[in-house]
Amino acid sequence: MHTTTKALVLRTVDYKETDKILTLLTRDQGKLTASARGCRKKGSAIAAGCQLLAWSEMVLYDYQGRWSVKEAAPERLFQGVRDDIQRLALGCYFAEVAELLAVEGLPSESLLSLALNSLHALDKMPDKPLTLVKAAFEWKAMALAGYEPLIESCAVCGVDPPKEPRFHLREGVLHCASCREEVGEGISMPLSLHTLTALDHILHGDPKRLFSFRLENEDLKQLADTAEAYLHTQLERGFSTLDYYKCLEYQMFR
């Protein structure tokens, strides 16, 4: 059976001498694995479309439950991301998170749109701080995966907005500083009212305008630090691509 679909290449693994195994996030079938035979040969017609982070139109062939790439034409390669090692590392982190959150064979158009919009921001929005793009992606990805935090009011006393707001990483709720003991064990991190406004925009605003907000200095640091900590707490794992990105970030600011 043949099918034509558009897919974002989330991961590539070299296989044999000239092949690759691809992890794809498709518009109509969600995450799937496909072999790309001969794509590493010089002059291969499918090589460009099978690159990591390529958004491509593909013709896939299903034989006994295994997908193979027959045709692959790239529609967007996000060249601005590929030309900057820090942006490329961050884009690979987005792909690794999306691969973990996506479910095999289950369409997830919202997650795909988030990944593509985030890569677009890295590619075409040089004025947006990478810290802002990363934090927005992490918060929105968690919400789409069923981990949306509750930020409307204090989870204990109901005050809106909470007094001296804190966000509890394990419970995923907001609370007043004075209500800390009632939330339970775990780490709570401070969020300013400016940061909460930005977070509300990320979670509940128009997805097409995900990055259309501004935060600076300590407010942006709060948003970013809490996003990363929340993702790690809920998913209970680290990401090698994030480690590499942070290594590059550290080297740049030495």
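In strand E8, the bridge partner of Phe167 is Met189. This pair offers a way into a model that is predicted. Strand E6, residues 166–168, is joined to E8 by three bridges, and the two strands run antiparallel. They belong to an open sheet of three strands in the order E7-E6-E8, with antiparallel pairing. The edge strands of this sheet are E7 (173–175) and E8 (188–190), each of which pairs on one side only. On average, neighbouring strands here are turned by 30° against each other, direction ignored. Strands of a sheet pair through backbone hydrogen bonds, and the pairing can be parallel or antiparallel.

The chain also forms a barrel. Five strands make up this closed barrel, which runs E1-E2-E3-E5-E4 and has mixed pairing. From one strand to the next, the twist averages 50°. The mixture can be followed from pair to pair. E2 and E3 pair in the antiparallel sense over seven bridges, and in E3 the bridge partner of Leu25 is Lys31. E3 and E5, in contrast, pair in the parallel sense, over two bridges. Ala34 stands opposite Trp67 in E5. E4 and E5 run antiparallel and are joined by nine bridges. Here Ser56 stands opposite Pro74 in E5.

E4 and E5 form a hairpin with two residues between the strands, and in this hairpin Gln64 takes a positive phi near 55°. Most residues other than glycine have a negative phi, and most peptide bonds are trans. Phe78 is not a glycine, yet has a positive phi of about 50°. The place of Phe78 is the loop between E5 and helix H1 (79–82). A further backbone feature is the cis peptide bond that joins Asp160 and Pro161, with omega about 0°. Pro161 lies in the loop between H4 and E6, and E6 is a strand of the open sheet described at the start.

What is the volume of the largest pocket? The value is about 360 Å³. Of the 15 residues that line this pocket, Ser35, Arg37, Arg66, Trp67 and Ser68 are the closest to its centre. Trp67 has already appeared as the residue of E5 that stands opposite Ala34. The elements that give two or more residues to the lining are the strands E2 (19–26), E3 (30–36), E4 (55–63) and E5 (66–76). These four strands are among those of the closed barrel. E5 gives the most to the lining, with four residues. By class, the lining of the largest pocket divides into six nonpolar, four polar and five charged residues.

The helices come next. Two packed helices are described by the angle between their axes and by the distance between the axes. Helix H6, residues 193–204, packs with H7 at an angle of about 50°, and the axes are 9 Å apart. Angles of 65 to 115 degrees count as roughly perpendicular and those under 35 as roughly parallel; H6 and H7 are therefore oblique to each other. H6 passes H7 in a right-handed crossing.

H6 also packs with H4. For H4 and H6 the angle is about 50° and the axes are 9 Å apart, so these two helices are likewise oblique to each other. The crossing of H4 and H6 is right-handed.

Which elements give two or more residues to the lining of the second largest pocket? They are helix H4 (130–147), helix H7 (217–235) and helix H8 (240–252). About 280 Å³ of space lies in this pocket. Its lining consists of Thr131, Lys134, Asn217, Lys221, Ala224, Asp225, Glu228, Tyr245, Lys246 and Glu249. H7 gives the most to the lining of the second largest pocket, with five residues. This lining has two nonpolar, two polar and six charged residues.

The two pockets can now be placed. Strands E2, E3, E4 and E5 each give two or more residues to the lining of the largest pocket, whereas helices H4, H7 and H8 do so for the second largest pocket.

Note on methods
Residues are numbered from 1 along each chain as its sequence is written. This is a predicted model: local features need pLDDT of at least 70, side-chain atom pairs count only at pLDDT 80 or more; totals for chains, interfaces and linings use all residues. Side-chain values use heavy atoms; hydrogens and water are left out. On a 1 Å grid over the protein atoms alone, a cavity is a set of points where a 1.4 Å probe fits but cannot get out, and a pocket is an open set with protein on both sides within 12 Å along at least five of seven lines; lining residues have an atom within 4 Å of a point. Grid points are joined across faces, edges and corners, and a volume is the space filled by probe spheres set on the points. Ala, Val, Leu, Ile, Met, Phe, Trp, Tyr, Cys and Pro count as nonpolar, Asp, Glu, Lys and Arg as charged, and the others, Gly among them, as polar. Two strands pair if DSSP finds at least two bridges between them. Axes are lines fitted to C-alpha atoms, for helices over the stretch in contact, and angles run from 0 to 180 degrees between N-to-C directions. Angles under 35 degrees count as roughly parallel, over 145 as roughly antiparallel, 65 to 115 as roughly perpendicular and the rest as oblique. A crossing is left-handed if the near helix is turned anticlockwise from the far one by less than a right angle, and right-handed if clockwise.
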